[in-house]
Amino acid sequence: MVTKGFDFSRRSFELEKNSEMGATKGGELVYMIYRAVTYGLTPLINLHIRWRKLRGLEHPLRWPERLGRPSLCRPPGPLIWFHAVSLGEGMCVVPVIKRCVERRSDVTVLMTTTTVSAFEVLKTLLPCGVIYQFAPVDTPAAVNAFLGYWKPYALVLVENELWPNLVLGASANGVMLAILNARMSIKSFNNWSRPVVRLLTSLMLSKFSLIVPLSTIQAIHFQLLQAPPFIINFSGDLKLGIEKLVSNSKDMRNMEDLQGKVAGRCVWMASSIHRGEEEVMLCVHRGLMQKHPNILTIIVPRHPHLGQKIALDLQKEGVNVALRSYGDSLTSETSIYVVDTLGELREFYGLTPIAVIGGSFLPGLTGHNFSEAAAAGCAVLTGQHVGHFSHMALAMQQLNPLSVTQVGGGMELEEILDKLLSNPEILEARRMAAKQAFHALSTGVVENVWTLLQLHIFRKVQAEGC
């Protein structure tokens, strides 16, 4: 009986091992097909990048970097590569990069993003000595050229940048891989879980040395996609790890002067507003004007070009509106101030007592980070469509129900804003609740992430003599 039991266990182990080998070979086959397809599409993708440049969607001078062509010299010595797709992800990893620069002076840091808006803001926030490039598109030629030139020993991705040529190409070159604030939407999870695609997903995730998920639910998603459990570690939401508010924007124009101009007025701000949401906010503004004639509404569109359209439409209606990019003066008669500039959102959170976070009031939207508003001491309101930020909202509300308020639409938003603007004590309680919840959740997040990178990336690199 003992012998049979032993044989059965051994047989089960062999079957499991063979199954894993079969899955790996299946993933490699799917990747070969993906690589061949992207190789064939390379000329069209390169033309697409040039077309985006003509439309102003790529940097006018540095767009070749998207094809893997460097614009700066690589210094000697070890280099670690941080990659974030856009501004939000890039902002949350800046504190980690600063830790790296401070504590590992022997290492060169390379930062990449894909969007021009991220480049314009982050280039002023990164520490001296950090190399900033645009990330290569996921074609074999671009990725190989990028890896061949920069030769990183580690690649740290932020949130959800799983590109097969990038991940598997880096792994094939001996580059260690990590994901910080790892997450994927339900739609992305379903796409990565499809029968054939799942093989490729499993193969990519098997190459990582560290996955730091945004939440427990996200950790489950990655485990269901067969990420090795021992590489999954928690640190807290990195988007809560923002630094003390300081003015780094070269476009700041006398924020202290603005503070004086809004003193004594009823002020609220709608930030990160998407197309269509401006109608909700303007309707709320009109309702509030009837009860608060001296009200000032600050609107910060998610995409700056939307600001000019908003201002033009309001001017046609006879509304006294000022547009920041035009240098319009903010006077006592101004009822709406449109901030259509990049890199100033944090400073404006310091100017207003109430922040309404956009990207959450229309179906199909997935919310935006409201930790910056909470850190500045704003009373935080948001819509119902917050996507993965529901994790942040729930965590803050568990600490204090007043820290974040989700509203169902414009009418409810107007009612709550009227209540806050009419009752200073209630407003102060909301502001204090948001700030205290933020500090409770943010304490130690960046240090936790740095400790995990030390353990899973830097220590292994030191052991290997890189």
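These questions and answers go through the sheets, helix contacts and an aromatic pair of a predicted model.

Reader: What makes strand 3 and strand 6 the edge strands of their sheet?
Author: Start with the sheet. Six strands form an open sheet in the order 3-2-1-4-5-6, and the pairing is parallel. Strand 3 (131-134) and strand 6 (210-213) each pair on one side only. That makes them the edge strands. From one strand to the next, the twist averages 20 degrees.

Reader: How do you know that strand 5 and strand 6 pair?
Author: Count the bridges. Two strands pair if DSSP finds at least two bridges between them. Strand 5 (residues 176-182) and strand 6 have three bridges, in the parallel sense. So the two strands count as paired. At one position, Ala-178 has Leu-210 in strand 6 as its bridge partner.

Reader: Which strands does helix 2 lie across?
Author: Helix 2 (residues 87-103) lies across strand 1, strand 2 (108-113), strand 4 (154-158) and strand 5. Helix 2 runs at about 175 degrees to strand 2. Angles over 145 degrees count as roughly antiparallel. So helix 2 is roughly antiparallel to strand 2.

Reader: Why is the pair of Trp-81 and Phe-146 called tilted?
Author: A search of the whole structure finds nine aromatic pairs. Trp-81 and Phe-146 form one, at 4.5 Å centre to centre. Ring centres within 6.5 Å make a pair. The planes are 35 degrees apart. Under 30 would be stacked, over 60 edge-to-face, and the rest is tilted. So 35 degrees makes this pair tilted.

Reader: Which parts does the pair of Trp-81 and Phe-146 tie together?
Author: Trp-81 lies in strand 1 (residues 79-83), and Phe-146 lies in helix 4 (residues 140-150). The pair therefore ties together parts that are 65 residues apart in sequence.

Reader: Why is helix 4 called oblique to helix 5?
Author: Their axes come within 10 Å and cross at roughly 40 degrees. Roughly parallel needs an angle under 35 degrees, and roughly perpendicular needs 65 to 115. The crossing fits neither, nor is it over 145, so helix 4 is oblique to helix 5. The crossing is right-handed.

Reader: Which residues make the contact of helix 4 with helix 5?
Author: Helix 4 brings Pro-140, Val-143 and Leu-147. Helix 5 brings Asn-165, Leu-166, Gly-169 and Ala-170. By class, this contact has five nonpolar, two polar and no charged residues.

Reader: What makes helix 5 oblique to helix 7?
Author: The angle does. The axes of helix 5 (residues 164-172) and helix 7 (residues 195-205) come within 10 Å and cross at roughly 40 degrees. That makes helix 5 oblique to helix 7. This crossing is left-handed. Pro-164, Val-167 and Leu-168 in helix 5 meet Leu-200, Leu-203 and Met-204 in helix 7. The contact has six nonpolar residues, with no polar and no charged ones.

Reader: What is the strand order in the sheet of seven strands?
Author: The order is 9-10-8-7-11-12-13, in an open sheet with parallel pairing. Strand 9 (321-323) and strand 13 (404-406) are the edge strands, as each pairs on one side only. Neighbouring strands are turned by 20 degrees against each other on average, direction ignored.

Reader: How do you know that strand 11 and strand 12 pair?
Author: Again, at least two bridges are needed. Four bridges join strand 11 (residues 354-357) to strand 12 (residues 379-382). So the two count as paired, and they run parallel. Ile-357 stands opposite Thr-382 in strand 12. Helix 16 (residues 424-442) packs on the sheet and touches strand 11, strand 12 and strand 13. The direction of helix 16 makes about 85 degrees with that of strand 12.

Reader: Why is helix 15 called roughly perpendicular to helix 16?
Author: Helix 15 (residues 410-422) and helix 16 pack at about 105 degrees, with axes 5 Å apart. The range for roughly perpendicular is 65 to 115 degrees. The angle falls inside, so helix 15 is roughly perpendicular to helix 16. Ile-416, Lys-419, Leu-420 and Ser-422 of helix 15 make the contact with Pro-424, Ile-426, Leu-427 and Arg-430 of helix 16. These residues divide into five nonpolar, one polar and two charged.

How values were computed. Residues numbered from 1 in each chain as written. Predicted model: local features only at pLDDT ≥ 70, side-chain atom pairs only at ≥ 80, totals over all residues. Heavy atoms only, no water. Axes fitted to C-alpha atoms, helices over the stretch in contact; angles between N-to-C directions. Left-handed = near helix turned anticlockwise from the far one by under 90°. Contact = heavy atoms within 4.5 Å. Nonpolar A, V, L, I, M, F, W, Y, C, P; charged D, E, K, R; others polar. Phe/Tyr/Trp six-rings, centres within 6.5 Å; stacked < 30°, edge-to-face > 60°.
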